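Me: I'm new to this structure and would love a close look at a single part of it. Could you walk me through the barrel and what sits around it?

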Amino acid sequence: MQYRKLGNCGLKLSELSFGSWVTFNKQVDARLAQRMFGLCFDAGVNFFDNAEGYEAGESEKVMGAALKALARPRDSYCVSSKVFFGATPRPMPTQMGLGRKHITEACHQAMQRLKVDYLDLYFCHRPDPDTPIGETVWAMHNLVAQGKVLYWGTSEWPAHLIIEAFEFAEKNHLVPPTMEQPQYNLLDRERFEVEYAPLFDRYGIGTTVWSPLASGALTGKYLNGIPAGSRASLEGYEWLKKHMVESDRGQARMNVVASLLPVAEELGTSLSRLAIAWCLLNPNVSTVILGASSVEQLADNLEAAGVLPLLTEAVQENLAALSPGAGE
Ligand SMILES: NC(=O)c1ccc[n+]([C@@H]2O[C@H](COP(=O)([O-])OP(=O)(O)OC[C@H]3O[C@@H](n4cnc5c(N)ncnc54)[C@H](OP(=O)(O)O)[C@@H]3O)[C@@H](O)[C@H]2O)c1
């Protein structure tokens with residue numbers, strides 16, 4: 001496992017990390033999570049991602065129980081949570097958003113569910129148009145000052161708001177955002193490669209990128225329909241099925257996937273490994289958060305960096321020509 005700096009800060013994360021969206025508490029229980037974390041630790045993974053909004057807080061409970069059972073030294077790995085959506089199916093106005101009250105309470109509740117004394121990384125899961133940015137920055141700064149959060153950041157914020165938060169913090173001598181958590185994969189490049197470009201050199205923002213397989217689309221397994229038990233078949237994720245497959249947009253993306261498949265075959269690897277390795281080529285990626293619903297998938301994905309030597313300049317140019325390019 002290689003380790004990368006989280007932007008300009010002093011933390012080094014494993015280039016492959018592991019997250020729990022959709023899977024934990026739905027497809028993965030605490031016992032299976034424990035096996036998955038064991039595999040991750042053996043491979044050198046040191047970052048596990050979660051959020052208050054995943055399964056209304058239940059995903060954090062599964063992660064907390066599994067990590068506690070494994071009893072690895074707390075200083076050998078990092079845990080995250082995210083605040084914004086709330087941890088109940090129908091949050092009250094004070095139970096969501098990025099105001100001081102919810103940020104403070106959500107942090108305490110996430111620590112309880114995850115069974116940790118502090119969160120290594122804490123993300124504002126989406127921007128909150130109802131809260132002044134300065135209030136959010138102050139609330140995050142206070143959690144850092146109290147030792148409850150080590151690094152705070154954003155997820156899917158427009159670049160201009162990340163810059164506004166950063167500059168507010170600098171001006172007021174507060175701790176600025178360290179990292180952003182954006183989607184990045186062969187089908188979704190635009191925001192990361194174009195909009196976020198100014199964030200890296202000037203502001204030193206690190207990135208923990210999500211959905212390297214576009215929720216499984218980049219395995220190629222949806223090309224002949226929706227496999228039973230797959231993410232797009234799950235109850236409650238009908239919106240995702242439409243987004244991934246059953247829409248003009250989804251079909252256009254499936255055409256791209258079909259065109260990428262022969263590239264992987266020619267290299268003698270799988271499209272999923274190729275797609276994960278491709279994310280690692282970008283030096284502005286600090287860590288790629290893997291998702292998996294089984295030990296077998298996770299074990300396979302953890303081998304992805306082995307594909308990197310096959311990604312010659314010619315292969316990279318081919319992939320760039322086939323994937324919907326930045327600016328398209
Ligand atoms: N900040 C945000 O807004 C945000 C949003 C989304 C995700 N995230 C984070 O990013 C993490 C990863 O995202 P993701 O789960 O969407 O990642 P992903 O890699 O795009 O998708 C993972 C899913 O693809 C399928 N899969 C994975 N490996 C496979 C393999 N080798 N063969 C066949 N199928 C395979 C599995 O679903 P099935 O087996 O069910 O088909 C698996 O759960 C999340 O857990 C979360 O921590 C953050």
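Reply: Happy to! Two strands pair if DSSP finds at least two bridges between them. With that in mind, please note that this is a predicted model.

Let's start with one pair of strands. β5 and β6 run parallel and are joined by four bridges. One place to look is Val83, whose bridge partner in β6 is Cys124. β6 itself is mostly covered, as six of its six residues are buried.

Now step back to the whole barrel. This pair belongs to a closed barrel of eight strands, in the order β3-β4-β5-β6-β7-β8-β9-β10, with parallel pairing. Helix α3, residues 100–114, packs on the sheet and touches β5 (78–83), β6 (119–124) and β7 (149–154). The direction of α3 makes about 140 degrees with that of β5.

Further along the barrel, strand β8 (residues 179–180) runs parallel to strand β9 (residues 206–209), and two bridges join them. Here Met179 stands opposite Gly206 in β9.

Following the chain on from β9 brings us to a loop. Thr219 is found in the loop between β9 and α8 (238–244). Is Thr219 buried or exposed? Thr219 is buried, because 22 other C-beta atoms lie within 10 Å, and 20 or more is the cut-off for a buried residue. Leaving aside neighbours within four places in sequence, Thr219 is in contact with Leu213, Leu271 and Ser272. The pairing with Ser272 is a nice one to find on screen: Thr219 and Ser272 are 53 residues apart in sequence, yet their C-alpha atoms are 4.6 Å apart in space.

One of those contacts of Thr219, Leu213, leads us to the ligand. Of the 29 residues around the ligand, Leu213 is among those that come nearest, together with Gly19, Trp210, Gly216 and Gly291. The elements that give two or more residues to this shell are the barrel strand β10 (287–290) and helix α11 (295–301). α11 gives the most, with three residues. By class, the shell has 16 polar, eight nonpolar and five charged residues.

Finally, take a look at helix α9, residues 248–267. Its 20 residues should span 28 Å at 1.5 Å a residue, and its end C-alpha atoms are 30 Å apart, which agrees. The buried residues of α9 are Arg253, Val257, Leu260 and Ala264. An α-helix has 3.6 residues a turn, so residues three or four places apart point the same way. What covers the buried residues of α9 includes α10 (271–280) and α12 (313–322). After α9 comes Gly268, with a positive phi near 75 degrees.

How values were computed
Residues are numbered from 1 along each chain as its sequence is written. This is a predicted model: local features need pLDDT of at least 70, side-chain atom pairs count only at pLDDT 80 or more; totals for chains, interfaces and linings use all residues. A residue is near a molecule or strand if its C-beta atom, placed from the backbone, lies within 6 Å of it. Ala, Val, Leu, Ile, Met, Phe, Trp, Tyr, Cys and Pro count as nonpolar, Asp, Glu, Lys and Arg as charged, and the others, Gly among them, as polar. The expected span of a helix is 1.5 Å times one less than its number of residues. A residue is buried if 20 or more other C-beta atoms lie within 10 Å of its own, exposed if 12 or fewer, and partly exposed in between; C-beta atoms are placed from the backbone. Two residues are in contact if their C-beta atoms, placed from the backbone, lie within 7 Å. Axes are lines fitted to C-alpha atoms, for helices over the stretch in contact, and angles run from 0 to 180 degrees between N-to-C directions.
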